[in-house]
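Thank you for making the time this morning. I would like to walk you through one structure, beginning at a single position and then widening the view, so please have the sequence and the coordinates open.

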Amino acid sequence: MTPRTALGALHIGALFFGLTGVFGKLASSASPAIIVFGRAAFAVLALGLFASLARHRWQPLKSQDLRRLLLGGVLLAGHWVSFFIAVKIGGVAIATLGFASFPAFTVMLEGLLFSERIRRNEARLVLLVSIGLVLVTPAFDLASEATAGLLWALLSGLLFALLSLTNRAGSGRLPAVQAALWQNLVVGLCLLPFATPGLASVTALDWLWIALLGIFCTGVAHSLFVASLAVIKARTAAVVFGMEPVYGIAMAWVVFAETPTLRMLLGGALIIFAIVLSSRLSAAQAPKPSAMAEGA
């Protein structure tokens, strides 16, 4: 991938990820554990079929690869479960906006773990996202479903930030499809004991939503995300994927009539503005394609 195609892949992945909460809520008879298990299982099938048709070359796994893929799978499982709990409790809009906090987590964690200096515009991103989250919260009441849903969504965002940094540390050596397949396999194995008791009660229609969730919002989107991290930094990927709330909230508005309040719209607009502004600043500071070509 070149930086330009990597950014294009990220935007397509953001569109698919934006539909995640919608498909999760449509699968009304399935618990978060079942949704995540089914999502991972369908993703493994889709990725395996794609790799077979495309005749991908599989790289032998070293011990450090196995440890990183295992950690990534566990983080991915925790991220998905906490997100779908947020969807079930607080709704798609609250869950999506809460999850949108992950760019702020990514900036802070990337600076800490990779000893990279946090730039001024990134510090502003963290501040603006924090203010936006305060506005999104209807009331600071732990008994409120909206507040509880937002807290689960914040946990989901934190785990996703850790996942993006884990993938960045191991990107480049393993093919993206191979890495995504192994991580989803780990997710499926982690959730199998929790999902098994309720599998028989899931309706055929809900299995359809879960299948779409696994194939498009996981198999395709996750591969694009992992592949892009071999070229660009996790913080750049984070700001692009920050557009996910726009797709998620818009679809929830149309499908479920989840009309966001004025305060929620203001908070969401502030979060999205901060992410887009940071993305533009990051793009302006990036090397030009011609310079990169000359360096190669």
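Let me start in the loop between helix 2 (20-26) and helix 3 (32-54), which is where S31 lies. Please keep in mind throughout that this is a predicted model. Is S31 buried, exposed or partly exposed? Its relative accessible area is 30%, and because buried would require under 20% and exposed over 50%, S31 counts as partly exposed. Although S31 and I85 are 54 residues apart along the chain, their C-alpha atoms are separated by 8.5 Å.

Stepping back to the whole protein, we have 14 helices and zero strands, so that, read from the N terminus on, every element in the run is α. Of the 296 residues in the protein, buried ones make up 50%. If we take the contacts with a separation of 6 or more, 89% of them are accounted for by residues 24 or more positions apart.

One instance of helix packing that I would like to show you involves helix 1, residues 3-18, and helix 12, residues 244-256, whose axes are 8 Å apart and which pack at an angle of about 35°. The crossing of helix 1 past helix 12 is right-handed. On the helix 1 side the contact is made by A14, L15, F17 and G18, and on the helix 12 side by E244, Y247 and G248; sorted by character, the residues of this contact comprise four nonpolar, two polar and one charged.

F17 brings us to the aromatic residues, where the count comes to six aromatic pairs. Which geometry do the rings of F17 and F160 adopt? Their centres are 6.4 Å apart and their planes stand at 80°, which is over the 60 degrees required, and the pair is therefore edge-to-face. This pair links distant parts of the chain, with F17 in helix 1 and F160 in helix 8 (residues 145-170), 143 residues apart, and both F17 and F160 are buried. The rings of F83 and F84 are likewise edge-to-face, because their planes lie at 70°, with the centres 5.6 Å apart, and these two residues are also buried. Together with F99, the four phenylalanines I have just named, F17, F83, F84 and F160, form one aromatic cluster.

Finally, there is a ring that is approached by a charge: the charged end of K25 sits over the ring of F256, at 5.0 Å from its centre.

Key
Residues numbered from 1 in each chain as written. Predicted model: local features only at pLDDT ≥ 70, side-chain atom pairs only at ≥ 80, totals over all residues. Heavy atoms only, no water. Axes fitted to C-alpha atoms, helices over the stretch in contact; angles between N-to-C directions. Helix = DSSP H or I, 4+ residues; strand = E, 2+ residues; numbered from the N terminus. Left-handed = near helix turned anticlockwise from the far one by under 90°. Contact = heavy atoms within 4.5 Å. Nonpolar A, V, L, I, M, F, W, Y, C, P; charged D, E, K, R; others polar. Phe/Tyr/Trp six-rings, centres within 6.5 Å; stacked < 30°, edge-to-face > 60°. Buried < 20%, exposed > 50% of the residue type's maximum accessible area, 1.4 Å probe, protein only. Lys NZ or Arg CZ within 6 Å of the ring centre and 35° of its normal.
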